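Please open the structure in your viewer and keep the selection tool at hand. The tour goes from one selection to the next and says what is found at each stop.

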Amino acid sequence: MPSSDAGLSTASLSRVTDDIWICDDTSISAAGLKLPVRMTVIRLSNGDLVLHSPVRFSPALRHELERLGAIRYLLAPNIAHWMFLSDWQRELPQATTFAARGLSARRQVRAARIRIDRELGDTAPEEWTADLGTVSVNAPMFSEIELFDKRSRTLVLTDLVQNLDPGDLSVPNQAAANLLGVTKPDGKAPVYLRLLLRLGGRSVQSAAERLLRLSPERVIFAHGDWFETDGAELLRRSLRWLLPASTSGLKPGQMIGTRVVITGGSSGIGRATALAFARRGASVILAARRSEILMRLAAECEALGGRALAIPIDVTDAEAVQRLARQAEDAFGGIDVWINNAGTGVFGAYQDADLALHRRTIEVNLLGAMHGAFAVLPIFLRRNRGILINNISLGGWAPTPFAAAYTASKFGLRGFTASLRQELGAHPNIHVCGVFPAIVDTPGFVHGANMSGRRLDPGPLLYQSEDVAETFVSLARAPRDEVAVGWPARAGQFAYAVAPQVTENILGAAFRFLLSRARPEKSSEGTMIEAGLQDTSTDGGWLSRKQLPPAAVISKGLAVLGIAACLAVAASKAGRSSRSHARRRRRRA
C-alpha cells in the first residue's frame, strides 16, 4: 500500500471547466517512487459535489470546496485510492462514499474503519446519471471506476493512465518511472497493472473500447500531466498496449444498418450484447421490464455510435412481445436479428419453492422465447431473411440438480430451437441458432430466486458476459445451428450423451456436497416476480470478489501450457532418440 505521507493538504483548486476542478497535492511514496496525486472535483447539475480520489484533508480545502457546492459524494475510484478517506468521512459524516468493487473487503480498509456505502459497477448511481456516466474496469486484484462528464466530454481516470514528467523526478525516480512505462509523452498504466489487466479478459478490452468511443475532449487522471486537449487521440495512444491494432474492435460502421432486438437487455449478457452491437454501429432495440435502466442503456448505446430504442416489456406477455416487434419494425424499417436472451431460474429443492416460481421460470425461459419467435418469424418470412438466436445454456444439455424448472425450460428451449430450424429448412436465408454458454459471471444469480437456504457460489470457472455477446455478434455475421461458449458446455454435452446416468450421479452428488458445505442464507425470490433497480451491470461481480481471471483466460493459459508441455516432451524424446542413435553408431564403428 502506498505511504500517505500524512499531513494537512496544502493543495488548492484549479478550474478545468464550469463544473470541474482539479486539486494537485503533495506526492506520495509508492514502492519507492514519488507519485504526484490529484483529486478531481465534479459539480453536478443540482449543485452537489463529487470528490473523485480525495487528497489530504484540510479545513482550508474544505472551505474552498464548499464555496462551490455541497460535498455530497466521496469516491474511492480503485482499490488503492482510499488512504485519505477517513479524514473526510470524519469531517463530513453525511457524505455518501462510493467505491470500486472489492475495496470494502480489503483488510487494510476494514482496519482503517473506512465506511463504504456502495460499491459501483459499470452503471452510474441514479443520483449521477443526468450528468455522469461510469465505465468499470475489472481484473484479478484490480478494479477501477472511470467517470465521464457528459456535459463537457471530460473523462476522469485514476491509474489506467499515468503520465509523469521526467523533469519533475529525481534521477532514481526517473529510472523507476521509465521501467514502469509511466512517463510522458507515452504514459500508460504501470507494467504490473498492465499484466493484471491482461488477465481481465474480454471485459477489460470492451471497457477500453467504450472509453475510446466516448471521444473525450480532455482526460484527467490521478498521477502526472493530464490531457488538456486532443483527449481522444492521446487516450488511444495510451491504451494501445490493450488494443494492439489501435482500431481493434473499433472499425466504424461494421454493422451499420443491422437491426437487432435483444430481450433481457437491461443487465448481464443482454447489456453486454447491446453494447457490443452498438460499438459496431448497429441499431439495437432493447427489451426488459426495467424502463429507466433500459433508457440509460439506450443512451449509452447511442454514445457508442449505434441507434437505440428502449421498449419496456415482460416477455411472458405474448401481446407485449408482438408490440415489441411492430415498434422495432416501425422505428427502423425491419428486424435482421432477434435474440431471445431473457432468462431466470429458481434454485433449491423442487418442493421447497412456490409453484409460482417454477411456473415463472418456464414462462420466461421457454414461453418468452416462443413469444419472440412467434412475433418475428412473420417479419423474417415476409423479407425471406433473418436470424433468430436463442440463448439456451449448458443446462439445455446436462440436467442441473436443484434447478428442475430451469432444466426443464432449457431442455424444452433446445428442442423448440431444433424443431423450428427444421420447419424453416425451405428458407435458407432464415437461420435459427442455439447458443449454449457455460457458467457466466452475471447478475442473474441475484435476479433469480434462491430457495435453498444456502449461499450460492457459481464456482471458480466463470466466463464473461462479453464472451457470450461476441458469440451473438459472430452469429449475426455467420449463422450456425449450435454454438457452445466455453469448453465446459461442450464437455457437459458430450458427457451426458455418452454416459447419462453416470453424469447425472456425479452432478447430483457434487451439488449435494456443495450445498451441505455452503453457509446459511435467507431464502429470496430475487426479482423474478417484481423487477428491481439493483444489479444493472454487465457482470455479477463474482470474478472481482474471487480475484480470479475469467475462464476464457484460464483456458487459454492451460492450452498454452499444454502445448508447451507436449513440445517439451517431444523435444525430450527426439533428444533421447538422437543420443541413442549416436551411441549405436559408435558401437558399430
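Begin by selecting Glu300, which is partly exposed because its relative accessible area is 21%, where buried means under 20%, exposed over 50% and partly exposed in between (1.4 Å probe, protein chains only). This is a predicted model, in which local features need pLDDT of at least 70 and side-chain atom pairs count only at pLDDT 80 or more, while totals for chains, interfaces and linings use all residues. Residues are numbered from 1 along each chain as its sequence is written, and side-chain values use heavy atoms, with hydrogens and water left out.

Now add Arg210 to the selection: its side chain meets that of Glu300 in a salt bridge (2.6 Å, N to O), the term meaning a side-chain nitrogen of Lys or Arg within 4 Å of a carboxyl oxygen of Asp or Glu. The pair links distant parts of the chain, 90 residues apart, with Glu300 in helix H9 (residues 291-303) and Arg210 in helix H6 (residues 202-213); helices (H or I, at least four residues) and strands (E, at least two) are DSSP runs, numbered from the N terminus. Arg210 has 7% relative accessibility and therefore counts as buried.

Stay in helix H9 and select Arg296 and Glu292, which lie four residues apart there, about one turn of the helix. Their side chains meet in a salt bridge at 3.1 Å, N to O. Arg296 is partly exposed at a relative accessible area of 23%, and Glu292 is partly exposed at 37%.

Next, select Lys184 and Asp225, whose salt bridge brings the closest N and O atoms to 2.8 Å apart. This pair also links distant parts of the chain, 41 residues apart, since Lys184 is in the loop between helix H4 (171-180) and H5, and Asp225 is in the loop between strand S11 (218-220) and helix H7 (231-238). In total, the structure holds 31 salt bridges.

For the last stop, show helix H11 (residues 355-383) together with helix H12 (residues 404-423), which pack at an angle of about 20° with their axes 7 Å apart. The axes are lines fitted to C-alpha atoms, for helices over the stretch in contact, and angles run from 0 to 180 degrees between N-to-C directions. H11 and H12 are therefore roughly parallel to each other, given that angles under 35 degrees count as roughly parallel, over 145 as roughly antiparallel, 65 to 115 as roughly perpendicular and the rest as oblique.
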